[in-house]
Amino acid sequence: MNNQIFGLKFRQLRKQQHITLAKAAAGITSRQSLGNWETGKGELAFEKVLLLLKKINVQPIDFLESSISSYLKQTTSQISAAYVNNQVDKLLHYANKYLDISHRNLTDRVSFLRAAVACNYYMDLTSIDLTTSSDKLRIISHFNKILNGEEIWNFEDIYFLGNTQNLMSPRDIYSLAYSLNYYRQKHKNDNREWINAVYNTLINAEFVLIKTNIKLATDLDLLLRQKWDLPDNYAFEKIRQNFMHELLKYISTQDESAITQQLHILELEHLSDLKTGFETAYEQVNKIRVVLVKSF
């Protein structure tokens, strides 16, 4: 197991529990081998990693998923910061840079991930799609083994889906969201980061569909509102999903009272970031509605 992220993560957990390098390695591997793995200078067999995790009382699934999640966020942190700060020029720079790298080296998955995320964010802010048909095919092919039942959903797949949806067709978005929703129903997981990733990715999928295909958005909304037995400490996700539902109702009824009420409640609760995000979503939907009206 040679991914540098895993060794660094283990080192962090070991030190949090005040376990020495020698004590962790005892009976499993040498102190030097463990030290090399923790600093990214060596490898460890997966079986030994499992024994090490057992020694520090960490579940393998939690360790692997949180490590991959941290790695993905680190990989695209600059791109995400440019998006949050509405830095369109920087996003364009990142998109072109990593598209060029990934086109010259088709096996460079990290550069392609960065390129796809940057293009997705750039399109969200400008409505300009920088990707080619080959890029889109490459994105969808990433999920083929999941759709074919050969692999299961993991953090990397969920992150990739949640941050490339603007580049996909509505049918592909719906198919992947359906698959992910089915998986989360059949495989219960109490890892909070996992739950946040799954639900927010599904909600994002619904919003993209609201802007591109109302029929599929309505179908997904109905699907997601079934058996969403989230506890109260997931209030953020519940509020977001309910807002998507109200957006769909607004499109069909033109009654904005429920939307206005939700925005007012968020203001009273001092949830300014969430309120700003909802206002932006509402503006985007209104622009699309105006275009549709003018087309008739």
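# Notebook: a first walk through an all-helix chain

**Entry 1, the whole chain.** Of the 296 residues in the protein chain, 43% count as buried. I note early that this is a predicted model. I looked up the secondary structure next and found 17 helices and zero strands. I also checked the extent of the C-alpha trace, which spans about 75 × 45 × 40 Å along its principal axes.

**Entry 2, aromatic pairs.** How many aromatic pairs does the structure hold? I found 10 of them. I picked F143 and W153, a tilted pair with 5.9 Å from centre to centre and 40° between the planes. This pair links distant parts of the chain, with its two residues 10 apart. F143 sits in the loop between helix 9 (133-141) and helix 10 (144-147), and W153 sits in the loop between helix 10 and helix 11 (155-162). Are these two residues buried or exposed? F143 has 0% relative accessibility, so I wrote it down as buried. W153 has 3%, so W153 counts as buried too.

Then I turned to Y174 and Y178, another tilted pair, at 6.2 Å centre to centre and 40° between the planes. Why are these two separated by about one helical turn? They are four residues apart in helix 12 (residues 170-186), and that spacing gives about one turn. Y174 is buried, with a relative accessible area of 14%. Y178 has 42% relative accessibility and therefore counts as partly exposed, because the buried class ends at 20% and the exposed class begins over 50%.

**Entry 3, a cluster and a charge.** I went back to F143 and W153 to see what else they belong to. Together with F112 and F160 they form one aromatic cluster. What sits over the ring of F112? I found the charged end of R138 there, 4.1 Å from the ring centre.

**Entry 4, the largest pocket.** I looked for open space next. The largest pocket holds about 2000 Å³ of space, and 47 residues line it. Which residues lie nearest its centre? My list reads Y83, Y121, D124, N204 and R240.

I then asked which helices supply the lining. Those that each give at least two residues are helix 5 (60-75), helix 6 (77-84), helix 8 (109-126), helix 11, helix 12, helix 13 (192-212), helix 15 (235-253) and helix 17 (272-295). Which helix gives the most? Helix 17 does, with 11 residues. I sorted the lining by residue type as well, and it divides into 21 nonpolar, 18 polar and eight charged residues.

**Entry 5, helix 15.** Helix 15 is one of the helices in that lining, and I wanted to check its length. At 1.5 Å a residue its 19 residues should span 27 Å, and the end C-alpha atoms are 26 Å apart, so the two values agree. I also noted which of its residues are buried; among them are E237, R240, F243, H245 and Y250. R240 is also one of the residues nearest the centre of the largest pocket.

**Entry 6, two positive phi values.** Just after helix 15 I came to Q254. Its phi is positive, about 65°, although Q254 is not a glycine. Q254 is found in the loop between helix 15 and helix 16 (257-268). With a relative accessible area of 38%, Q254 is partly exposed.

Where does S127 lie? I found S127 in the loop between helix 8 and helix 9. Its phi is near 65°, again a positive value in a residue other than glycine. S127 has a relative accessible area of 63% and is therefore exposed.

**Entry 7, two contacts of helix 8.** I finished with two residues of helix 8, A115 and V110. A115 has 0% relative accessibility, so A115 counts as buried. How many residues separate A115 and S102 in sequence? I counted 13, while their C-alpha atoms are 7.6 Å apart in space. V110 is partly exposed, with a relative accessible area of 28%. V110 and T75 are 35 residues apart in sequence, and 7.7 Å apart from C-alpha to C-alpha.

Conventions. Residues numbered from 1 in each chain as written. Predicted model: local features only at pLDDT ≥ 70, side-chain atom pairs only at ≥ 80, totals over all residues. Heavy atoms only, no water. Phe/Tyr/Trp six-rings, centres within 6.5 Å; stacked < 30°, edge-to-face > 60°. Buried < 20%, exposed > 50% of the residue type's maximum accessible area, 1.4 Å probe, protein only. Lys NZ or Arg CZ within 6 Å of the ring centre and 35° of its normal. 1 Å grid on protein atoms, 1.4 Å probe; cavity = no way out; pocket = protein on both sides within 12 Å on 5 of 7 lines; lining within 4 Å. Points joined across faces, edges and corners; volume = space filled by probe spheres on them. Nonpolar A, V, L, I, M, F, W, Y, C, P; charged D, E, K, R; others polar. Expected span 1.5 Å × (residues − 1).
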